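Hi everyone, thanks for making time for this. Let's put the structure up and walk through it together.

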Amino acid sequence: FHENGKKEKLDHRTVSKIDYGSVWGTGVFYYKIQEGYSGVMLIELIKGGAINLYGVYMHQTSFDGVSSGGNILYFLGRENEDTLTNFERPQQYGQAWFETYAKEFFADCDPVLEKIESKEFRRLDLPEIAAYYNSTCGN
């Protein structure tokens, strides 16, 4: 609702972020574009820095409607950029696919590249990779 009590329609063209708070928790959500797609998504910032870590919770339900848990799908984006990269492609793409795109994304940070090449960092280590990048190469 607007200050005058009237409803106001908002979207990604008028709002860049949403600060959320409730009894279940708080978070900051941003409108971002996933690389390779034209649509806009609202996604939570998990950890900020030169490389920002974003995540969306993917809830999974079985055929009989019973919850089978879920996981967080991570995205990385550079500070002050609207486009995010998803390195967590389905399993069939594997580690080789991740290494190819990660080497391009992290080309400005030799310490991260070394850990990717030595397989110390793998495709599911995005929170650790982002933190390491920000502590060693983030300016």
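Here is a question to start with: of the 20 residues in the largest nonpolar core, which touch the most other members? They are L76, F98, F106 and L126. Please keep in mind as we go that this is a predicted model.

Let me place that core in the fold. Along the sequence the pattern reads β-β-β-β-β-β-α-α-α, so to speak a chain of six strands and three helices. Both kinds of element feed the core: β4 (51-61) and β5 (67-78) each supply at least two residues, and α1 (94-105), α2 (110-117) and α3 (126-136) each do so as well. In general, nonpolar side chains in soluble globular proteins tend to be buried together.

Have a look at F98, one of the residues I just named. Leaving aside its neighbours within four places in sequence, F98 is in contact with F87, I116, F121, R122, R123, L126 and I129. Two arginines, R122 and R123, are on that list, and so is L126. There is also a second, separate core of five residues, and I43, Y54, F75 and L84 are among them.

Now for the chain as a whole. Buried residues make up 29% of its 139 residues. The accessible surface comes to about 9400 Å², with 51% of that belonging to carbon and sulfur atoms. If we take contacts between residues at least 6 apart in sequence, 37% of them join residues at least 24 apart.

On to the charged pairs. How many salt bridges does a search of the whole structure find? It finds four, and I'd like to show you three of them, beginning with D82 and K32.

In that pair, the closest N and O atoms are 3.8 Å apart. D82 sits in the loop between β5 and β6 (83-84), while K32 belongs to strand β2 (residues 25-34), so this bridge links distant parts of the chain, 50 residues apart. K32 counts as buried because its relative accessibility is 7%, below the 20% cut-off.

The next pair is E99 and K119, whose side chains meet at 2.7 Å, N to O. E99 lies in helix α1 and K119 in the loop between α2 and α3, so the bridge ties together parts that are 20 residues apart in sequence. Is each partner buried or exposed, you may ask? E99 counts as buried, at 12% relative accessibility, whereas K119 is partly exposed at 40%.

Then there is K115 with E120, a salt bridge at 2.8 Å, N to O. Here K115 counts as buried at 18%, and E120 is partly exposed with a relative accessible area of 48%.

Let's turn to the largest pocket, which holds about 180 Å³ of space. β5, β6 and α1 each supply at least two residues of its lining. The lining includes L76 and F87, and you have met both already: L76 in the largest core, and F87 as a contact of F98. Charged residues line the pocket too, including E35, R78, E81 and E104.

One last stop is N86, in the loop between β6 and α1. N86 is buried, at 9% relative accessibility. Not counting residues up to four places away in sequence, N86 touches Q34, L73, Y74, F75 and W97. F75 there is a member of the second core.

That's my tour, and I'm happy to go back to any view you like.

Terms used:
Residues are numbered from 1 along each chain as its sequence is written. This is a predicted model: local features need pLDDT of at least 70, side-chain atom pairs count only at pLDDT 80 or more; totals for chains, interfaces and linings use all residues. Side-chain values use heavy atoms; hydrogens and water are left out. Helices (H or I, at least four residues) and strands (E, at least two) are DSSP runs, numbered from the N terminus. Buried means under 20% relative accessible area, exposed over 50%, partly exposed in between (1.4 Å probe, protein chains only). Contact means heavy atoms within 4.5 Å. Accessible areas come from the Shrake-Rupley method with a 1.4 Å probe; for residues, only the protein chains shown count as cover. A nonpolar core is a set of buried Ala, Val, Leu, Ile, Met, Phe, Trp, Tyr and Cys residues joined through side-chain atoms within 4.5 Å. On a 1 Å grid over the protein atoms alone, a cavity is a set of points where a 1.4 Å probe fits but cannot get out, and a pocket is an open set with protein on both sides within 12 Å along at least five of seven lines; lining residues have an atom within 4 Å of a point. Grid points are joined across faces, edges and corners, and a volume is the space filled by probe spheres set on the points.
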